[in-house]
Amino acid sequence: MSSSFRKLHWLGMGGVALAALALTAVLFGPVLANPNDFYFNPSGDMLQSYYVTAFYVMHDMGLRFTGMNYPYGEHFNYPNLQPLLATIMGFLHRHGVPAGRYSVAILNLLGLSSLVITPVVLYAVLRRTRLPVLYAGLLALIIGFMSPQVLRLDGHLMLSYAWFVPWLWYCIIRMQEAPGRWRWYIVFTVSILLIGAVMPYFLAVGCAFLLGHVLVLAWQQPRLRRWLLRLALTAALPLLLFRGYLWATDHVTDRPPNPYGLLVFVATPGTVFTPVMGPVYDWWQAQWPGDEPASSEGFSYVGLVSTVTLAASCLLGTAAVLARRRWRRLGRPAAPLHLRTGLWAASLLLIFSFGVPFKWHGFEWLTEHAGQVKQFRSLGRFAWPFYYVATTYTAYCLYRLWRYLRRRRLGALAWVGLPVLLFWGAEAWLQVSTEATRVMANTGANDFLDPSSSPVSQLTWKNRGFSEFQAILPVPYYNMGTDKFDQAGSGNSIFQAYKASAISGLPLLANHIPRSSVGEAMQHIQLFSSPLVPRELLAHFPNNKPLLLLVTPDILSDAEQRLVGLAHLLVQTPEASLYELPLAALAATDLPREQAKADSLLPTLKPRPGGLFTTTAAGVLVQDFAQAADRRGRLGAGAFYEPQDKFSTLYDGPVPAPADTGRYEASVWINGKTDYGFGNMRVVSHYADGGTAESVVDSRKATEVMGDWVRIVVPFRVQPGVQRIEVLYQNHDLLADDLLIRPVNTDVYYYIGTGARRRLVKNTYSLRP
């Protein structure tokens, strides 16, 4: 490369950077002027990113994040805190730089910095594609600002670093150009490990993209086959290192092996080749109405110009090959090497992002053996490389077409490319400006980490300090991340809990961390179980300090109201009220009282068939599955087990007492430690006239937990004319026990075991150990 060419290259790169900075300032000027005052999104994953980063920087260090899931904490790779960034910020904070207090500003600016860096990286890619400086600069800006990852700015900020994928592609391009040199292999490996330390999804996408190149090069480039092993090792090594690091440092052994979303969070042809948002999307839908919107996880829209270019290339290329009968050219477009291989490798990932082959009929078994692939449940994100390759290919084709027309002295026709570029630029502007409007819709973030703006600051008015409490328990309660439970809390409780925790340094007795421990979640949920259930979590608390109960003005469940009733009020503000909850009050159960009540009541009750005692004459049914083939029972040996994903019939027969009508409930205990979620339970009532009525519950909302078992309850009404009822449970890997059907005003007692192991049970709860 000559010095003049090199100088022109760097001048072009600098110009692109300045232009991108200017456009970012126009679009996001208020954020750049006051970055600490804007919530890119005051809820969901974005709010969580602000909180976990601030808490870690101000109160943690090392590999543990202690801000949620108290008292266990979490490996710091699982919260949305960008481990590499949080480690650097924590170091600065401990050495006098207030990085924690300005976490919101730092995260916002880093997200916007991608809008400047991405066009610069794309410019380097386009120049390797032999495009002239000005044209490459213009297209780098268009492609960069239209990146699908820009749409993550108001959601999952760690995914908004759009330059990561084109940078890894640039490394792959350089490896193909000089396969015998180690330099770019090392740059790729170091880059992807650092990128994986920000967000592991990029590590997976980048390694898969390189492996796709290995397959394509083995097929298309015989001269490069002797370097394929080196390329394959470069792709595999970062994955192995990252997996080994997690294995060596992660203490949790029961993360959910089948997280939700593998075949839900996928890309589709519509999310890649047709508009996904903004005015162009509205116009497109008006012309060609589609089905319900696809998952935003699959958004990787290449633009209408690219869609038309790719379609035209496929048609013209196929026609030319068929006309000349040069079959070997069918999969090899006339383009530079990195575009030919990149298109094929990115297309392989694109097909994978559609959920192929997992969603193909007859390949359901493959999902069961997908292993670590299921942990990257948002397959739609694997479409990102296709966006950058397809748009770069489009830029190359348009330039080649322009040159071809000029050489044929069709200059007037050649300038038709100008409105095409203007349309492409307009699409990019509309998409990024729509995102900018959303990002700048919420201000007031300066107060998020301001100690004086939180209700916890008023504890000092009661002469109380943060150190007198061991954790914050937010109500309405939230616990999400296992894909088994879905205790969603409320927007208020999540916001105020994050704010109070970051300011006070007190961890949260709640959780919103993906793929968190199932067993630990069950212990947390058990805090809201009935008074008949001992609280196992309390034995793991490091001290006897009370909990700080934070209650926001929302509708509370009965279990939440019961918990508030055990505490006493300290502070009341419009945003939230603070209560002191002693551990002794939380630990107390109704078991002694219920045992005494049963001792006095049972002698007055007549035994019924099956050894049941009931407080009314109404019909009841207890099914303990004692004779079932599976012996993993709850209170005794025997339980219903169905390994397949299907509706299982737990009961199908007459109402226990047909003459009874009114409010009933059907309940069953399912094992919460099986490999899949909790599914749903339903009761179907069948009438004499052939009609049916159905009651169903979402089992993820359950709060009754005892050991490894979770109680699912379906309330239903028995109306006159009901002939029989069905109790159905839809789930994969279902292990169920102790089915009970009873009127809600009737208690059912019975004994299990014999001799010294004989125990009294009330409504399937054991009253004696």
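Q: Which residues form a nonpolar patch on the surface, and what accessible area do they have together?
A: This is a predicted model. The patch on its surface is made of L84, I88, F91, L92, V97, W182, I186, V190 and L194. Together their accessible area is about 810 Å².

Q: Which element gives the most to the nonpolar patch?
A: Two elements give two or more residues to the nonpolar patch: α3 (83–94) and α7 (183–196). Four residues come from the top contributor, and that helix is α3.

Q: Is L92 buried, partly exposed or exposed?
A: L92 sits in helix α3 and belongs to the nonpolar patch. Its relative accessible area is 34%. Buried means under 20% and exposed means over 50%. L92 is therefore partly exposed.

Q: How many residues does the largest nonpolar core have?
A: Some residues stand out by having the most contacts inside this core: Y51, F65, F448 and L549. The core's total is 219 residues.

Q: How many residues are in the other core, the one with L591 and W709?
A: This core lies apart from the largest one. Its members include L591, L602, F613 and W709. The count is 15 residues.

Q: Which residues does F65 touch, leaving out those up to four places away in sequence?
A: F65 is one of the residues with the most contacts inside the largest nonpolar core. With residues up to four places away left out, its contacts are Y51, V52, F55, Y56, D60, G73, E74, F76, P79, L81 and I513.

Q: Which strands stand at the edges of the sheet β5-β4-β6?
A: The sheet is open, has three strands and shows mixed pairing. An edge strand has a single partner, so one of its sides is left without a neighbour in the sheet. That describes β5 (487–488) and β6 (511–512).

Q: Which residue in β6 stands opposite N479?
A: Strand β4 covers residues 478–480. Two bridges join β4 to β6, and the two run parallel. Opposite N479 stands N511.

Q: Do strands β15 and β16 run parallel or antiparallel?
A: β15 spans residues 680–687 and β16 spans residues 692–698. Seven bridges join them. One bridge pairs M681 with V697. The two strands run antiparallel.

Q: Which residue takes a positive phi in the hairpin of β15 and β16?
A: Four residues lie between the two strands. The phi is near 95°. The residue is G690.

Q: How far apart in sequence are the parts that E694 and R682 tie together?
A: The side chains of E694 and R682 meet in a salt bridge, at 3.0 Å from N to O. E694 lies in strand β16 and R682 in strand β15, so the pair links parts separated by 12 residues.

Q: Is R682 buried or exposed?
A: The relative accessible area of R682 is 16%. Buried means under 20%. R682 is therefore buried.

Q: Which partner of the D630 and R632 salt bridge counts as buried?
A: The closest N and O atoms of D630 and R632 are 2.9 Å apart. R632 has a relative accessible area of 43%, so it is partly exposed. At 17% relative accessibility, the buried partner is D630.

Q: Which residue meets R700 in a salt bridge?
A: R700 is partly exposed, at 35% relative accessibility. Its partner is also partly exposed, with a relative accessible area of 30%. The N to O distance is 2.8 Å, and the partner is D698.

Q: How many salt bridges does a search of the whole structure find?
A: Some salt bridges share partners, joining D590, R593, E594, E665, R711, R742, D747 and K762 into one network. The search of the whole structure finds 25.

How values were computed. Residues numbered from 1 in each chain as written. Predicted model: local features only at pLDDT ≥ 70, side-chain atom pairs only at ≥ 80, totals over all residues. Heavy atoms only, no water. Pairing = 2+ DSSP bridges. Patch = residues over 30% accessible without salt bridge, like charges linked within 9 Å, V, L, I, M, F, W, Y side chains within 5 Å. Areas by Shrake-Rupley, 256 points an atom, 1.4 Å probe, with all protein chains shown as cover. Salt bridge = Lys/Arg side-chain N within 4 Å of Asp/Glu carboxyl O. Buried < 20%, exposed > 50% of the residue type's maximum accessible area, 1.4 Å probe, protein only. Core = buried A, V, L, I, M, F, W, Y, C linked by side-chain atoms within 4.5 Å. Contact = heavy atoms within 4.5 Å.
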